[in-house]
Amino acid sequence: MSCTTNSFPIKVAIYHPKTKPKSAKKKHYMPTLCSSSSSQQNPLLSNFKTLKAAMKISIPTIPPSFFSAIASVPHFTDIIDPPVHPSVDPQHVFTGNFAPVDELNPTECPVIEGKIPLSLNGVYIRNGPNPRHKPLRALHFWEADGMLHSLQFSNGCATYCSRYVNTYKYKIEEEAASPVIPNFLSGFYGLLDAFRLFAFLLKIMAGQINLMNGFGVANTSLAFIGNKLLALYEADLPYEIKLTEEGDIKTLGRWNIDRMLFASFTAHPKFDMETKETFAFRYGRVFAPWLYFLRFDENGVKQKEVPILSVKKTCFIHDFAITRRYAIFQETQLVLSPFKVVMGGGQLVDYDPKHTPRIGIIPRYATSDSEMKWFHVPGLNVLHAVNAWENDDDDEEIVLVAPNFITIENMHDKRLKSSVEKISINMKTGKVVRSILSRKNLEFGTINTSYIGKKNRYAYFGVVDEVAKFSGIVKLDIETGKEVGRRFYGKSCFGGEPFFVAKEAEHVESDEDDGYVMSFVHDEKTGESKFLVMDAKSPELSVMALIKLPRRVPYGFHGLFLTKEKYIHL
């Protein structure tokens, strides 16, 4: 029988991490899909052997005949090891340009079209999921190990680098050369997954795993807080990152702003350019309150947090917005169902059709959530806020701009449908007015960051092909609702989040759209990846520089641009 190979690379640590020579390179191989062995013929036996090796605990040897006997019982395999949903099946999710890649040392990149503007001095760095080891079971795109991809610009030249974020999870799994931490977000299915969870709990009891160190993957976004560059993931605390002048990326360690079990931090904090403060939120732990509002001064020192007791349900709140005086939270119909996960019923995030979405608005300097006002907004399910501000003509009116997922009930579908809305809320009368700015399927909207919390006119969106994969960019005039710029990447070409970088980042007197829009772009036909720098002002978003990258860059999540003056002092 001929054998085929899987597109999912399994990477194996050849040396123990503590003794590995610096010259040693990480290797990976492609797992064989077919084999003449008895373990391949009997999936129960194969899974048992894999689990036994991964757990590194003594389990009595069981003869293959035992597995053959129980496998013959009708539906028994579905109870022990049932199939998982395609959205968490690694063989389905991590294929094509979603498949993981290895780290790459800083590498100079040729400019194959145009020129890199000399004023573009700094580094663009983007986060994204990149599983280090072949999962034992279900793995959602949101839950894979974080990898940072950076492109450093200096004097018209570009240097690319990619590194894993060295989280606590990454380190212990690197030492074990196998997954160790269960994928709670992806969910558990059947008795084998329950057994893996039990083995994980045994490791905790034996002192082999310290939950105080967190088990997040730092794969979602980045932020610059108190002169620290942070890799973020909302189910854990951030990890501090350093960028070298040579273009390399180093993980300094976990930012332990909270010494508590299951500490967390939003993946989308908001920085106020005028006050230099950062606003954020975190989830509660096991019991209410489920949400806490956070504020940091310009030095990155956390101020007293505010528990949001008026959040009565464990809703999945991924992002929020700020204005000059307020913070705005959006409660969606996505809820967290930990009991379902523990009982082996599937994924953590679920859709609740009975829950009516709400918008909550709280003063930025509130001392309790008694100052918070809630507004019911049926059918509004926002995962990413673009911006918000207070109406100049009526300071009681708050305006929020965001994509609304209109098919949120199909949340596990890669091709969710959305429309961009402008929502106006009158704080005094409670009246909510909604208008659709665009019916196109747009997401990952970005703006000139100096306008965060203030009225702005332009936003740049990715045109959704599927989650985190965009066929082009649309520039939307928020005031008129018209498209005033667009660029599509072409047949078989797809990009990531379009990120805006102002030409004069510190000078708000310049035009709002005077700058560059940039993104990684991948050609699925040739397998090549490039980096595109575009003129943010032009209707065609004309190409200013096209940079050829040394290898494929997978689709990912959110990025950040830091000027050289900022990152050399990290």
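Two rings of Phe, Tyr or Trp form an aromatic pair if their centres lie within 6.5 Å, with planes under 30 degrees apart counted as stacked. In the predicted model described here, 27 such aromatic pairs are present. A pair of aromatic rings is described by the distance of the centres and the angle of the planes. For Tyr 460 and Phe 500 the centres are 5.6 Å apart and the planes meet at 20°, so this pair is stacked. Tyr 460 belongs to strand S29 (residues 458-466) and Phe 500 to strand S33 (residues 499-502), so the pair ties together parts that are 40 residues apart in sequence. Both Tyr 460 and Phe 500 are buried.

One aromatic cluster is formed by Phe 279, Phe 281, Tyr 283, Phe 293, Phe 320, Phe 329 and Tyr 365. Of these, Phe 293 and Phe 329 also appear, together with Ile 308 and Ile 362, as the residues with the most contacts inside the largest nonpolar core, which has 59 residues. Beyond four places in sequence, the residues touched by Phe 329 include the aromatic residues Phe 281, Phe 293, Phe 320 and Trp 374. Phe 329 also touches Leu 291, Ile 317, Ile 359, Ile 362 and Met 372, as well as Gly 360 and Arg 358. A second core, separate from the largest, has 20 residues, among them Cys 109, Tyr 160, Phe 531 and Val 553.

Charged side chains are also placed over aromatic rings. Arg 358 lies over the face of Trp 374, at 4.0 Å from the ring centre. In the case of Lys 475, the charged end sits over the ring of Tyr 458, and the distance to the ring centre is 4.5 Å.

The protein chain contains nine helices and 37 strands. Of its 570 residues, 56% are buried. Among contacts in the chain with a separation of 6 or more, 60% are between residues 24 or more positions apart.

Helix H7 (residues 190-205) comprises 16 residues. The distance from its first C-alpha to its last is 23 Å, close to the 22 Å expected at 1.5 Å a residue. The buried residues of H7 include the nonpolar Leu 192, Leu 197, Ala 199 and Phe 200, the charged Asp 193, Arg 196 and Lys 203, and also Gly 190. These buried residues cover an arc of only 155° around the axis, which puts them on the same side of H7. After H7 comes Gly 207, with a positive phi near 80°.

In helix H6 (residues 168-176), seven of the nine residues are buried, so this helix is largely enclosed by the rest of the structure. The buried set consists of Tyr 168, Lys 169, Tyr 170, Ile 172, Glu 173, Glu 174 and Ala 176. These residues pack against two strands, S7 (157-164) and S11 (239-243). Just after H6, Ala 177 has a positive phi of about 55°.

Most residues other than glycine have a negative phi. Positive values are nevertheless found at Phe 262, where phi is near 60°, and at Ser 492, where phi is near 70°. Phe 262 is located in the loop between S12 and strand S13 (270-271). With a relative accessibility of 35%, Phe 262 counts as partly exposed. Ser 492 occupies the loop between strand S31 (483-488) and strand S32 (493-495), and its relative accessibility of 22% makes it partly exposed as well.

The C-alpha atom of Ser 492 is 6.0 Å from that of Lys 525, although the two residues are 33 residues apart along the chain. Lys 525 is itself part of a loop, the one between strand S34 (515-523) and strand S35 (529-535). Its relative accessibility is 73%, and Lys 525 therefore counts as exposed.

Strand S12 (residues 249-254) contains Gly 253. Apart from neighbours within four places in sequence, Gly 253 is in contact with Pro 238, Tyr 239 and Glu 240. The C-alpha atoms of Gly 253 and Lys 242 are separated by 9.9 Å, at a spacing of 11 residues along the chain.

Terms used
Residues numbered from 1 in each chain as written. Heavy atoms only, no water. Core = buried A, V, L, I, M, F, W, Y, C linked by side-chain atoms within 4.5 Å. Buried < 20%, exposed > 50% of the residue type's maximum accessible area, 1.4 Å probe, protein only. Contact = heavy atoms within 4.5 Å. Phe/Tyr/Trp six-rings, centres within 6.5 Å; stacked < 30°, edge-to-face > 60°. Helix = DSSP H or I, 4+ residues; strand = E, 2+ residues; numbered from the N terminus. Lys NZ or Arg CZ within 6 Å of the ring centre and 35° of its normal. Expected span 1.5 Å × (residues − 1). Arc of directions from axis to C-beta.
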